[in-house]
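Thanks for making the time this morning. I would like to walk you through one model, taking the symmetry, the DNA and a single helix in turn.

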There are 2 protein chains.
Amino acid sequence: MAVTIRDVAALAGVSPSTVSRTCKDNPSISEETKEKVRLAMAKLGYEPNFQASNLASQNSRTIGIVLPVSERFIYVNSFFLEIIRGITQYCNSRQYITTIIAGETEDEALQTIRSMVRNGLVDSFILLYSKQKDPITSYLYNEGILFALIGKAYHFANQTIYVDTDNILAGQNATEYLINLNHHHIGYIGYERSLIFSSDRKYGYSLAHYEHNIPLNHDYSVEVRYSPNQMPEELMQLLRRPDRPTAFVVADDFLGIALERCCRECGLSIPNDISVVSFNNSLFAELSSPPLTSIDINSVQLGIEAATQIINHAENPNLPSTKIIVPHRIVERESCKKL
Amino acid sequence: MAVTIRDVAALAGVSPSTVSRTCKDNPSISEETKEKVRLAMAKLGYEPNFQASNLASQNSRTIGIVLPVSERFIYVNSFFLEIIRGITQYCNSRQYITTIIAGETEDEALQTIRSMVRNGLVDSFILLYSKQKDPITSYLYNEGILFALIGKAYHFANQTIYVDTDNILAGQNATEYLINLNHHHIGYIGYERSLIFSSDRKYGYSLAHYEHNIPLNHDYSVEVRYSPNQMPEELMQLLRRPDRPTAFVVADDFLGIALERCCRECGLSIPNDISVVSFNNSLFAELSSPPLTSIDINSVQLGIEAATQIINHAENPNLPSTKIIVPHRIVERESCKKL
DNA sequence: ATATTTAATGCAAGCGGTTGCATGGAGTTG
DNA sequence: CAACTCCATGCAACCGCTTGCATTAAATAT
């Protein structure tokens, strides 16, 4: 059996409570005694029992990471895994643990979450998505359970902790990058409006136009349903037009790859005929041909920030609900050309 | 405060121990009483406290999922995330939980694992990789801690639980698929020999040649270091040879994409000049142009099997260390052509 | 009818910590 | 020097559940 607080107490010649207080660095224990106890702990290789400690102090230093349900979203490159890494590494360093919640359906996930809350296993959550009318978000919000969103909050935004990229700014920056390469006919390829990250990026794209006094051509923007392996006919038509855009901002690397394929089919060259800037800087951007210039959104950092927020709030319940913006940066590759 | 076993006991008019035994479906409680207790549990929405239960019964229904350290490997498409989903879903359904361990370095990960073991947080592990001379594997093995490998065990193979694809067979099948399309000049592109999955696939590739009495041309096989965005000059030379292979088996979708890029540079068309079969059937295979015919290795199932094994062994310590082979299947797309 | 077995349940001592309160001794004060 | 603080530590109850053993009542055997 592992070494317990009593063993340490015995060796140090103090009571278990003194050991416990030493672990917490309680000021009412003299530095002298603490040293003695620490020595004993080191000698025995003592590690406080996580479960016992949680049980006694009525908390659980455990954060639930909720994966989005939809299969499609899951695949979005290494995004999720990077966030998970970020969260986990930070949590481990602060003696918290994480547990993954992955349901086949929303109901299943909600069920799991409910029971984890009820049985005291998990007391806070990080959702790796943000969407409208999500029963999980509502549940957590209504029960007053601590949670953070990766992405932008829809409802209760003011009372919700979230960590996000400034997608509007990112969209603007991507577009400005192309404008600086003398592109004035820039298209946007994104997803349906309900996916906020895409519509924000698009909004940034228009902002850049306004600020640079470049007219915005509305039929230069194309909407793709969330399955980039089937690009709409509309796009092909756009590419075949004589007055087609000379550059595109596309909502993520998937669409970047899909656009590359379309161009190939139309006999257009990237970057000679068309320049492309995409988002996420996933491995896809690196491996595609040509490799894509892409906005890196720093997923690992998103995870770290979310974990930081959650732990700080867990330990200090009356902090205000913060919103954190993680900066992005452009990674230049071979998909853009100066006109 | 949440509802406890005492509340249930009080409502049902029995003792806490009876409630506890009812939860475990202990045969020494009469069916009649159990019904009464179950009713009370339902009425109160009782969920047993995970930590308390673990503390009392001296176990932790928690499985640590260890991610590989190397950044590069992490990215291998959706592989890891799918496995994590598989493990997590299965665990949740059996009332186990999972926790992710992600270290920046091997030492850091080992440190985390050590302390999780010592403080009783985790008592079994699933490693999402398998490599030689891994300090984590050695530690777990030497301490006699229950663990399973995804991949093929190197050392202690006979005493280790592992879940794997039959990569030799998969390599053979991929090759036979091309042979059946009348290809007789087939190349193999893989990684350095120390990556067993790659060398096994290559071995299967040769087996297929022998079985079909097709001579194996050794300079048709190319080895790439684990960074597929830089293909070796050797491959380009091979592609430019007049007697170049008409088809390739490549160790994973990354290499498939990389090969596509090389072909494009050499002015070769896939599938017209070169046919390609790759492995893993990741999103990369779907999105590349042309989409790649790829061997699906069923990652979610790998995760489920690993979790099943671990839980069974945890609950029944003298089971023999099993090896599980998860079947693969070929997914046909547009990268192959009949000669 | 009494002794003995058996089945069903309860008692109470843990599991390994935490923490409010009591305690004791050193230090301060008048 | 008695009275009083105050600081450092210990005591013991408790967190919610598990489980070996005792207990009781019913069933069976003698």
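**Two chains, two DNA strands**

Let me begin with one contact: in this predicted model, a phosphate oxygen of DNA strand D is 2.6 Å from an N or O atom in the side chain of Y46(B). On that same strand, a phosphate oxygen of DNA strand D is 2.4 Å from an N or O atom in the side chain of T18(A), while S17(A) has a side-chain N or O atom 3.0 Å from a base nitrogen of DNA strand D.

Stepping back from single pairs, 28 residues surround DNA strand D, and the closest are T18(A), T33(A), I5(B), R21(B) and K24(B). Of the atoms of this strand that come within 4 Å of the protein, 57% belong to sugar and phosphate. By class, the surface near DNA strand D has 14 polar, 10 nonpolar and 4 charged residues, and the element that gives the most to it is α4(B), with 4 residues.

Now for the other strand. DNA strand C is surrounded by 29 residues, of which the closest are S20(A), R21(A), K24(A), T18(B) and T33(B), and sugar and phosphate make up 55% of the atoms of DNA strand C that come within 4 Å of the protein. Here the side chain of S17(B) places an N or O atom 3.0 Å from a base nitrogen, the side chain of T33(B) has one 2.3 Å from a phosphate oxygen, and a polar backbone atom of A56(B) is 3.3 Å from a base oxygen. The largest share of the surface near DNA strand C, 4 residues, comes from α4(A).

How are the two protein chains related? A rotation of 180 degrees, with 0.1 Å of shift along its axis, superposes chain B on chain A with an RMSD of 0.1 Å, which is the relation of a two-fold axis. The same surface serves both copies, in that 100% of the contact residues of chain B recur in chain A. Within chain B, the residue that comes closest to the rotation axis is T99(B), its C-alpha being at 2.3 Å.

Finally, a helix: α14 of chain B, residues 299-315, has 17 residues and reaches 25 Å from its first C-alpha to its last, close to the 24 Å expected. Its buried residues include L302(B), A306(B), I310(B) and H313(B), and among the elements covering the buried residues of α14(B) are α6 (79-93), β1 (62-66) and β11 (323-326) of chain B.

Conventions: Residues numbered from 1 in each chain as written. Chains lettered and ligands numbered in written order. Predicted model: local features only at pLDDT ≥ 70, side-chain atom pairs only at ≥ 80, totals over all residues. Heavy atoms only, no water. Helix = DSSP H or I, 4+ residues; strand = E, 2+ residues; numbered from the N terminus. Expected span 1.5 Å × (residues − 1). Buried < 20%, exposed > 50% of the residue type's maximum accessible area, 1.4 Å probe, protein only. Contact = heavy atoms within 4.5 Å. Near = heavy atom within 4 Å. Polar contact = N/O pair within 3.5 Å; in protein donor to acceptor, adjacent residues only side chain to side chain. Nonpolar A, V, L, I, M, F, W, Y, C, P; charged D, E, K, R; others polar. Least-squares fit on C-alpha atoms with pLDDT ≥ 70 in both.
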